[in-house]
Amino acid sequence: MGSHDHYLRLIRKAFGVDIVVRGGVVMVEGQDENVAKAEQVLAEIQSRVKTFGRIRDGEVESLLHAAVGEREAIEAGHEPIRVFYRDRVIAPKSKGQEEYIDAIRDNDIVFCVGPAGTGKTYLAVAMAVSAVRDGMLRKIILVRPAVEAGEKLGFLPGTMQEKVNPYLRPLYDALNDMMEFGQVQKYIERDIIEVVPLAFMRGRTLNESFIILDEAQNTTAMQMKMFLTRMGVKSKAVVTGDATQVDLPTGEVSGLLDAQRLLKGVPGIAFIALKRGDIVRHRLVQEIVDAYERDSIERDRRGKAKSL
């Protein structure tokens, strides 16, 4: 039921039903269709609690989105991602996320494009941590363009590490959600985990590694080629980005978009497109993405009308 019946309140609001709990029995009243949907969500919550020992608010909201048709439901029993925290397992919360995880398991290179909040980076880091935990790969390399518009590090104060750390912070945040802080530091010191700016990747060959390039929409075509050709034997690479947030100078082709054009159909390379229905952050994130998309469409329409 959640803390102070929080989950029940969410279900009531989503389906317009009344829910009463007495003596361990849940009674749902309302229109037949809505009662059936509420029952479906309650049954799934119960199933997940039995399987994983707990359920989180985000998972309940995901189930509600699927039940009301805003998000395609995921298959029951999808294999979760196990990380270092014993009581934490990470599972897809949408059909798109499910396809993304399956693509990473089945391919050596995966490109994932989607708006903010769809779990592109978080799920990739989870898969990397799981691969090292299970001994499938020996190293995790997390890569980002250090400065989104051209990597002009000289404008930042401090040492080189202090210059690039702010841009790599989202990757550290994901790691710290899946491993103890001390363990993350130990793995970094032992060179099992590297968090590096893209510019430092040139000239390397990476074997038995899980390599993630984040914010890839802000790489140039040559940078993308350089990154992809770092792969050695028994390695996986995941490239994530949001095609609507390219910060490159005007006229510069995004390496992410260029790779989509050149590599579609190459065996062993998968392309996954996550959509607004896959957003799993705070519910307002989806509203924000929608608002900006509407504004962009309207500006394009006005621009075309003016040119005519």
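These exercises work through a predicted model of one protein chain.

**Exercise 1. The chain as a whole**

Task: Find how many helices and strands the protein chain has, and what share of its residues is buried.

Solution:
- Start with the elements. The chain has 10 helices and 10 strands.
- Turn to burial. Of the 308 residues, 45% are buried.
- Look at the surface. The accessible surface comes to about 16800 Å², and 51% of it belongs to carbon and sulfur atoms.
- Check the range of contacts. Among contacts between residues at least 6 apart in sequence, 68% join residues at least 24 apart.

**Exercise 2. The nonpolar cores**

Task: Name the residues with the most contacts inside the largest nonpolar core, and find which helix gives the largest share of this core.

Solution:
- The largest core has 39 residues. Tyr-100, Leu-175, Met-178 and Phe-210 have the most contacts inside it.
- Helix α5, residues 120-133, supplies the largest share of this core, with nine residues.
- Another core lies apart from it. That one has 22 residues, including Val-113, Val-143, Leu-206 and Phe-271.
- As background, nonpolar side chains in soluble globular proteins tend to be buried together.

**Exercise 3. Val-132 and its contacts**

Task: Decide whether Val-132 is buried or exposed, and list what Val-132 touches beyond four places in sequence.

Solution:
- Place the residue. Val-132 lies in helix α5.
- Apply the cut-off: buried means under 20% relative accessible area. Val-132 has 13%, so it is buried.
- List the contacts. Val-132 touches Leu-137, Arg-138, Lys-139, Ile-140, Tyr-187 and Ile-192.
- Compare with a residue farther along the chain. Glu-208 is 76 residues from Val-132, and their C-alpha atoms are separated by 9.9 Å.

**Exercise 4. The two sides of α7**

Task: Work out why the buried residues of α7 line one face of the helix.

Solution:
- Pick out the buried residues. In α7, residues 181-189, they include Gln-183, Val-184 and Tyr-187.
- Look down the axis. The buried residues fall within an arc of 105°, so they line one face of α7.
- Turn to the other side of α7. Phe-181 and Glu-189 are exposed there.
- Follow the chain onward. Asp-191 comes after α7 and has a positive phi, near 65°.

**Exercise 5. What covers α8**

Task: Name the buried residues of helix α8 and find what covers them.

Solution:
- In α8, residues 221-228, the buried residues are Gln-223, Met-224, Met-226, Phe-227 and Leu-228.
- Their cover includes strands β5, β6, β8 and β9, and helix α9.

**Exercise 6. Salt bridges**

Task: Find where the partners lie in the salt bridges of Glu-215 with Arg-144, Asp-258 with Arg-261, and Asp-295 with Arg-299.

Solution:
- Begin with the total. The structure holds 10 salt bridges.
- Take Glu-215 and Arg-144. Their closest N and O atoms are 3.2 Å apart. Glu-215 sits in the loop between β8 and α8, and Arg-144 in strand β6, 71 residues apart. Arg-144 is buried, at 9% relative accessible area.
- Take Asp-258 and Arg-261. The closest N and O atoms are 2.8 Å apart. Both residues lie in helix α9, three residues apart. Asp-258 counts as buried at 15%, whereas Arg-261 counts as exposed at 60%.
- Take Asp-295 and Arg-299. The closest N and O atoms are 3.0 Å apart. The two are four residues apart in helix α10, so about one helical turn separates them.
- Finish with the network. Salt bridges with shared partners join Lys-139, Asp-191, Glu-194 and Arg-204.

Notes
Residues numbered from 1 in each chain as written. Predicted model: local features only at pLDDT ≥ 70, side-chain atom pairs only at ≥ 80, totals over all residues. Heavy atoms only, no water. Core = buried A, V, L, I, M, F, W, Y, C linked by side-chain atoms within 4.5 Å. Buried < 20%, exposed > 50% of the residue type's maximum accessible area, 1.4 Å probe, protein only. Arc of directions from axis to C-beta. Contact = heavy atoms within 4.5 Å. Areas by Shrake-Rupley, 256 points an atom, 1.4 Å probe, with all protein chains shown as cover. Salt bridge = Lys/Arg side-chain N within 4 Å of Asp/Glu carboxyl O.
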